[in-house]
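The following exercises concern a predicted model. Please work through each task before reading its solution.

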Amino acid sequence: MTRPWTEPIAAAQQSAIAQGAMVALQSVDHAVQQDGLEFVVSHLSSLSLKDLAKILQQRSGANPFLPYEPAMFVADLSDSHVLLLNKFPIFPDHVMVVTRRFMPQTGELELADFAALAEPMCGIDGAAFMFNGGKEAGASQPHRHLHVLPRHRLPLLPRFPTCAAPLTVHTLPFFDFLHAYLPLDAQLPPAAWARQLQDAVQAGFAHCGLAPHLGELPPYNLLGTRQGVLVVPRRREHWSDGNVHLSVNALNFGGWVGVKGPEQIDPVCQAGLKATLAAVTQPRD
């Protein structure tokens, strides 16, 4: 039986805020339509708090997930994974599926990872998930974690095909870079959905030429819902026009772009989503 996750996440978040353990980032969104694509450029007005936390963590060498902060705990998912709040959430109810022991973000995801992810994904209607495979793919931590966004609607997700046959490989006409999109059967129970997702990711890897070497994969992103998953190989971490540097992660492929200050909004909007994504991905043959 699928466990409903909306209330436990909300209760944990309220408790963390009351304890002063969570820093909710405020943002101002700017809707943009360019080259036939809708996307959002978001100015993260409280990002300085997150930057400070990153600096302190880098100086101490601490792993925020080992041990994790008790106030961030939502639930035990399995013997190998826990569900934690994001300490610096940009989106409502942002949670993370995290391994109990250290596993590298660059390693190949295992069935246990997909099974843990399936619990909140199959228990929250309309949730999206994302994974940043390594620093060059936008990962901020080397400890394995997958993001779940219960209530945030990414602008491009409605344009991903959901009625095609499950596990068939598709290329999206509005993406001019190497990628693979594979529909999923959203009606499967969590265990079967997890196995299906693992098969879909492996098929996406094969299509994109992604293969592990010495136990590590090249950088890549995953972005999906219960209806499908997008696989995107990466070749660098950021886009730049020479003055502005934009870190790109899986959310950008859903049409959400976060910038650090208002002075970066116009340059990113002028460049457009297609150019920023093309700069960090591999071209189609």
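**Exercise 1.** Determine which strands the buried residues of α1 pack against.

*Solution.* The buried residues of α1 are Ile-9, Ala-12, Gln-13 and Ala-16. Seen down the axis of α1, these buried residues fall within an arc of 100 degrees, so they line one face of the helix. The strands packed against them are β3 (73-76), β4 (81-85) and β5 (95-99). On the face turned away from the buried side, α1 carries the exposed residues Glu-7, Gln-14 and Ala-18.

**Exercise 2.** Check whether the end-to-end distance of helix α1 agrees with the span expected at 1.5 Å a residue, and state what follows the helix.

*Solution.* Helix α1 covers residues 6-18, which are 13 residues. The expected span takes 1.5 Å times one less than the number of residues, so α1 should span 18 Å. The end C-alpha atoms of α1 are 18 Å apart, in agreement with that value. After α1 comes Gly-20, with a positive phi near 75 degrees.

**Exercise 3.** Establish whether Thr-225 is buried or exposed, and describe its surroundings.

*Solution.* Thr-225 belongs to strand β9, residues 220-225. Buried means under 20% relative accessible area; Thr-225 has a relative accessibility of 14% and therefore counts as buried. Leaving aside residues up to four places away in sequence, Thr-225 touches Met-121, Ala-127, Ala-128, Phe-129, Leu-157, Leu-184 and Trp-193. In addition, the side chain of Thr-225 is joined to that of Gln-227 by a polar contact of 3.0 Å.

Technical notes
Residues are numbered from 1 along each chain as its sequence is written. This is a predicted model: local features need pLDDT of at least 70, side-chain atom pairs count only at pLDDT 80 or more; totals for chains, interfaces and linings use all residues. Side-chain values use heavy atoms; hydrogens and water are left out. Helices (H or I, at least four residues) and strands (E, at least two) are DSSP runs, numbered from the N terminus. Buried means under 20% relative accessible area, exposed over 50%, partly exposed in between (1.4 Å probe, protein chains only). A polar contact is a pair of N or O atoms within 3.5 Å; within protein, one must be able to donate a hydrogen and the other to accept it, and residues adjacent in sequence count only if both atoms are side-chain atoms. Contact means heavy atoms within 4.5 Å. The arc is that of the directions from the helix axis to the C-beta atoms.
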